[in-house]
Amino acid sequence: MGDLSEKIREWLLAYVGEGPIFLVDLQVSPGSKRSLVTILVDTLEGISIDECALLSRKLAHHIEENAWIEEAYNLEVSSPGLDFPLTQGWQFQKNIGRKVKVWMKKEGQVEGALLAYKEDSIEILTEKTLKHRVIVAKESTWFPLAEIDKIKVQVSFQ
């Protein structure tokens, strides 16, 4: 499956080029009856269902034309959704100003507004709280990406 995954990744990167569509994740999983190919793509503005469907049709045609998968398979192309961690620079840029939760590799979690992104770090406006309710102060802090386990956008209904 690793060879198939690499073939699909190379085709996708050649197809989407340098944007506006970006490959977020690709997984190829063997199943008991069918293999599953899951592709997550996005754009800076958000990807439409029509764009996902077009990419799915093009890739399925290419897979079948080149006989990359001989048995039955399922192909899923979609956007990553809010529960998928931010992993790439353009995703950080897209979400500047939004509230994020950062899981550090060593010392717990941090929440706050994503202010800026550099190749090796992000800036978060964190809130210091007292007695779990009262906001004492907000401070801007840079966190090296090497010290971060994962980062997710937090949904706000305010």
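Here are a few exercises on the structure above, each with a worked solution.

The model is predicted, so local features need pLDDT of at least 70 and side-chain atom pairs count only at pLDDT 80 or more, while totals for chains, interfaces and linings use all residues. Residues are numbered from 1 along each chain as its sequence is written, and side-chain values use heavy atoms, with hydrogens and water left out.

**Exercise 1. Work out the order and pairing of strands β1, β2 and β3 in their sheet.**

Step 1. Start with the terms: strands (E, at least two residues) and helices (H or I, at least four) are DSSP runs numbered from the N terminus, and two strands pair if DSSP finds at least two bridges between them.

Step 2. Take the pairs in turn. β1 and β2 run antiparallel and are joined by 7 bridges; F22, for one, has D42 in β2 as its bridge partner. β2 and β3 are parallel, with 6 bridges, and here L40 stands opposite S78 of β3.

Step 3. Put the pairs together: the open sheet has 3 strands in the order β1-β2-β3, with mixed pairing. β1 and β3 each have a single partner strand, so one side of each lacks a neighbour in the sheet.

Step 4. Add the angles, which run from 0 to 180 degrees between N-to-C directions of axes fitted to C-alpha atoms, for helices over the stretch in contact. Neighbouring strands are turned by 10 degrees against each other on average, direction ignored. Helix α2 packs on the sheet and touches β2 and β3, its direction making about 150 degrees with that of β3.

**Exercise 2. Which side chains of β3 are buried, and what does S56 touch?**

Step 1. Buried means under 20% relative accessible area, exposed over 50%, and partly exposed in between (1.4 Å probe, protein chains only).

Step 2. Recall that side chains in a regular strand alternate between the two faces of the sheet. In β3, Y73, L75 and V77 point to one face and are buried, whereas N74, E76 and S78 point to the other and are not.

Step 3. Now turn to S56, found in helix α2. S56 counts as buried because its relative accessibility is 17%. With residues up to four places away in sequence set aside, S56 touches L75 and V77 (contact means heavy atoms within 4.5 Å).

**Exercise 3. Locate the largest nonpolar core and the elements that supply it.**

Step 1. Such a core is a set of buried Ala, Val, Leu, Ile, Met, Phe, Trp, Tyr and Cys residues joined through side-chain atoms within 4.5 Å.

Step 2. The largest one has 22 residues, and I8, V37, I39, V41 and L75 have the most contacts inside it. At least two residues come from each of α1 (2–16), β1 (22–29), β2 (35–42), α2 (49–65) and β3 (73–78).

Step 3. Follow V41 outwards: beyond its neighbours within four places in sequence, its contacts include I21, F22, L55 and V77.

Step 4. Look for another core: a second, separate one has 13 residues, among them M104, L114, I122 and I148.

**Exercise 4. Describe the backbone and accessibility of A67.**

Step 1. A67 lies in the loop between α2 and β3.

Step 2. Its phi is near 55 degrees, a positive value in a residue other than glycine.

Step 3. A67 counts as partly exposed, because its relative accessibility is 45%.
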